[in-house]
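I opened the model to look up how its chains are arranged and where they touch. My entries are below.

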There are 2 protein chains.
Amino acid sequence: MDLGSALRLIVITDHGLAVPRSVEDVVKASLEAGARAVQLRDKHASARLLLEQARRLRALTHQWEALLFINDRFDVALASEADGVHLGPDDLSVSVVRKAAPPGFLIGASTDEPEVARRVEADGADYIGCGAVFPTSTKKDAGEIIGVEGLARVVDAVEIPVVGIGGVTPDGARLISAGSRATGVAVIGAVMAARDPRLAVRDLMAPFSRPSGDRS
Amino acid sequence: MDLGSALRLIVITDHGLAVPRSVEDVVKASLEAGARAVQLRDKHASARLLLEQARRLRALTHQWEALLFINDRFDVALASEADGVHLGPDDLSVSVVRKAAPPGFLIGASTDEPEVARRVEADGADYIGCGAVFPTSTKKDAGEIIGVEGLARVVDAVEIPVVGIGGVTPDGARLISAGSRATGVAVIGAVMAARDPRLAVRDLMAPFSRPSGDRS
């Protein structure tokens, strides 16, 4: 599966929102429903516990031939043989990680600014997470709301895949697909807190599932 | 300088204790006084800020041909071209980091148990930080007080250098030197909070400054 196809939906983990289910339960349901990209995100876990989680998710994602990204911790990504790392504004920079990364290692970067998007693309980022597209309560550091228009400006600035993030629901995914050439969306609550994660995954992916030739 | 000689004293950083001076000020004074090993430790800093600190300390430690270790974050250690990483009980394991580390990269590990010490030595650790030797308030996760006797048991279990940590003052350093074959000591408060860091460094190193042939 090519990167763009896998990035129609990135399922970002959150233990608290998954309760009473485990993150692994929700990820497994997501993979069964067609998700092909998972990002392990746990800002409070120690490296040791994060690695344990990463190894469990690595086994699951391998089973479905899905991509696994680790938020922030490049070292844990290496140790868990994840496909890549996702770097936010407080994390190591794309250029620093690209220099130290093995060949084929994927790097995602967060930005809502076209100029920064061009720079991280030049620095070696493989995809961009762009938002917050809609209001969200999941990420305290999500910054301002850029809307589908703001997302479209970032998408149009680069060649690499861009996924919209921030308060994305199935309705939001449809708006994003209609109003931009974004590759897909990344979500935390929309899947982790969903009563039926399989249904949520299918609804979130559907707007991006037409042939990629139609997307430009 | 050989590793054992450099590890007579590891100066561990702490912004809060260094106030009103900067960590860099205190580290510079320590290097001037003869310290040849620094560990950057900041559990609350983002990776980006930790890397910025690491680069400043890398410039300083290079100037004095001293070793720089980064606590916990193997990725930041790689990115800053530090000499090594120090791994605590909640961090990545020695074996995991050894597999991913470039040749010559140094790994320190914390333990107060002879059996664990032997295991991390076999896994590729280059030195061990062992404690808490004395009561301490700096590290909340320091565990029980093992005394000089407990330290001596770990020292005698392995071939690699062992440094005592936990509430070590100049008096404590003398007790450790007299009561064990430890290579040296690692301190946070004793240098970071010292009114005169140069004096503290000299007093902490003095007990370990006789020729190493006399130490066994």
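These notes cover the symmetry, the interface and one helix pair.

Basis. I worked from a predicted model, in which local features need pLDDT of at least 70, side-chain atom pairs count only at pLDDT 80 or more, and totals for chains, interfaces and linings use all residues. Residues are numbered from 1 along each chain as its sequence is written, chains are lettered from A in the order in which they are written, and side-chain values use heavy atoms, without hydrogens and water.

Symmetry. I superposed the copies by least squares on C-alpha atoms of residues with pLDDT of at least 70 in both. Chain B falls on chain A after a rotation of 180° with 0.0 Å of shift along the axis, RMSD 0.0 Å. That is the relation of a two-fold axis. In chain B, Asp75(B) comes closest to this axis, its C-alpha at 2.4 Å.

Interface. I took contact as heavy atoms within 4.5 Å. Chain B and chain A each give 18 residues. I noted that 100% of the interface residues of chain B are also interface residues in chain A, so the copies meet through the same surface.

Salt bridges. I found 2 between chain B and chain A, counting a side-chain nitrogen of Lys or Arg within 4 Å of a carboxyl oxygen of Asp or Glu. Arg73(B) and Asp72(A) form one of them, at 3.2 Å from N to O.

Helix pair. I looked up which residues join H7(A) to H8(A): Pro114(A), Ala117(A), Arg118(A) and Glu121(A) meet Arg153(A), Val154(A) and Ala157(A). Helices here are DSSP runs (H or I, at least four residues), numbered from the N terminus.

Conventions:
Helix = DSSP H or I, 4+ residues; strand = E, 2+ residues; numbered from the N terminus.
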